[in-house]
Amino acid sequence: MTTSTGSLAGLHCLITGAASGIGAAIATAFAQAGATLALADLDADRLEHTATDLIGMRHALDLTAPDAVQALIDTEIEHAGRIDVLVNCAGILTEMPLVDMDLATWQRMIDVDLTSVFLTCRAVVPHMLHAGGGRIINIASQLGQKGGSGLTHYSAAKAGVIGFTKALAREVSARGVLVNAIAPGPITTPLIDGLSSDWKQAKEAELPLGRFGLPEEVAPTAVLLASDPGGNLYTGQTLGPNSGDVMV
Ligand SMILES: NC(=O)c1ccc[n+]([C@@H]2O[C@H](COP(=O)([O-])OP(=O)(O)OC[C@H]3O[C@@H](n4cnc5c(N)ncnc54)[C@H](O)[C@@H]3O)[C@@H](O)[C@H]2O)c1
């Protein structure tokens, strides 16, 4: 329920991948913290029916399409006047050995999990710079830090998100735009339905906490990064709600 006194009160936040999993949990947590929302996802039906109590514009689009992304940002700026926080959470995951991977599979992963982040940031950053500040939170993965067998494309895309986040933070932080990544460990969402049970069992066994996380256990990290003063000193960082899978 939206309040006017939460840690994100008065902020207008655009969340991609908001129809499911971690994105939907971040949307709910942001609304509870008092933010106003714009929600974007490829899946129009699920976007309409997920978290129906959340108030905010819902945009169905493929975030790999440059013109559609620009139209999304233009519409939001026209409608809300500003975007204070951008959360890039849309993503896909498939499992495949490198030797079996065709170029189209590789390219789609890079397009959805990395290029979409470039496209949204490129469209939003000029508005944040003009406004004198903003927050960008990119959802990477701990597999972008340590790699995952059968996941060369996913690991490369997520490592790319972490590098992109650091570079953009160096470019725009001095002008008030703070850019960070969150690299969750395995989280129980529809995304990991496509992973083999062997992969999941092996991963669970190597986690120091011995269990996968829940989307609701990732969302508070995004609230922290978006909030003032909680997020004020973070930029170029990668925060890890990951069950101990990566320790830095
Ligand atoms: N679940 C995990 O174990 C885990 C771990 C680390 C990182 N992540 C990352 O967290 C993010 C959210 O994942 P999740 O687990 O909530 O998955 P999810 O499948 O529940 O949600 C992902 C959402 O992204 C949307 N999406 C996919 N392609 C899109 C496109 N081209 N344009 C617009 N929207 C698109 C989907 O429709 C879906 O609603 C992803 O970036 C994922 O890589 C997930």
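Helix α4, residues 103–131, gives the largest share of the lining of the largest cavity, with 5 residues. Keep in mind that this is a predicted model. I will start with that cavity, go on to the largest pocket, then to the helix crossings, and end with a few single residues.

How many cavities of 30 Å³ or more does the structure hold? There is 1. The volume of the largest cavity is about 50 Å³. As a reminder, rolling a probe the size of a water molecule over the atoms shows where empty space is left.

Who lines this cavity? Going along the chain, the lining begins with Thr16 and Leu63, then has Asn88, Cys89 and Ala90. After those come Val112, Asp113, Ser116, Val117 and Thr120. Ile139 and Lys158 complete the lining. By class, the lining of the largest cavity has 6 nonpolar residues, 4 polar ones and 2 charged ones.

Next, the largest pocket. About 760 Å³ of space lies in it. The pocket is lined by 39 residues, and the closest to its centre are Cys89, Ala90, Gly91, Ile92 and Leu191. Two or more residues of this lining come from each of α1, α4 and α6, the last of these being residues 152–172. Which element gives the most to the lining of the largest pocket? That is α4, with 4 residues. So α4 comes up twice: it gives the most to the lining of the pocket, and it also gives the largest share of the cavity lining. Cys89 and Ala90 come up twice as well, as they are in the lining of the cavity and among the residues closest to the centre of the pocket. The classes in the pocket lining are 21 nonpolar, 11 polar and 7 charged residues.

Now the helices, staying with α4. The axes of α3, residues 66–80, and α4 come within 9 Å, and they cross at roughly 30°. An angle under 35 degrees counts as roughly parallel, so α3 is roughly parallel to α4. The crossing of α3 and α4 is right-handed.

The second pair is α1, residues 21–32, and α8. Their axes come within 8 Å and cross at roughly 50°. Are these two parallel or oblique to each other? With that angle, α1 and α8 are oblique. The crossing of α1 and α8 is right-handed too.

On to the backbone. Most residues other than glycine have a negative phi, and most peptide bonds are trans. This model has an exception to each. Asp228 and Pro229 are joined by a cis peptide bond, with omega about 10°. You can find Pro229 in the loop between α8, residues 219–226, and β7, residues 238–239. The other exception is Ser243, which is not a glycine but has a positive phi of about 60°. Ser243 sits in the segment after β7. Is Ser243 buried or exposed? Its relative accessibility is 11%, so Ser243 counts as buried, the cut-off being under 20%.

One last residue is Val177, in strand β6, residues 177–182. Val177 has a relative accessible area of 0%, so this residue is buried. How far apart are Val177 and Ala167 in space? From C-alpha to C-alpha they are 12 Å apart, and in sequence they are 10 residues apart.

That is the end of my part.

Notes. Residues numbered from 1 in each chain as written. Predicted model: local features only at pLDDT ≥ 70, side-chain atom pairs only at ≥ 80, totals over all residues. Heavy atoms only, no water. 1 Å grid on protein atoms, 1.4 Å probe; cavity = no way out; pocket = protein on both sides within 12 Å on 5 of 7 lines; lining within 4 Å. Points joined across faces, edges and corners; volume = space filled by probe spheres on them. Nonpolar A, V, L, I, M, F, W, Y, C, P; charged D, E, K, R; others polar. Buried < 20%, exposed > 50% of the residue type's maximum accessible area, 1.4 Å probe, protein only. Axes fitted to C-alpha atoms, helices over the stretch in contact; angles between N-to-C directions. Parallel < 35°, antiparallel > 145°, perpendicular 65-115°, else oblique. Left-handed = near helix turned anticlockwise from the far one by under 90°.
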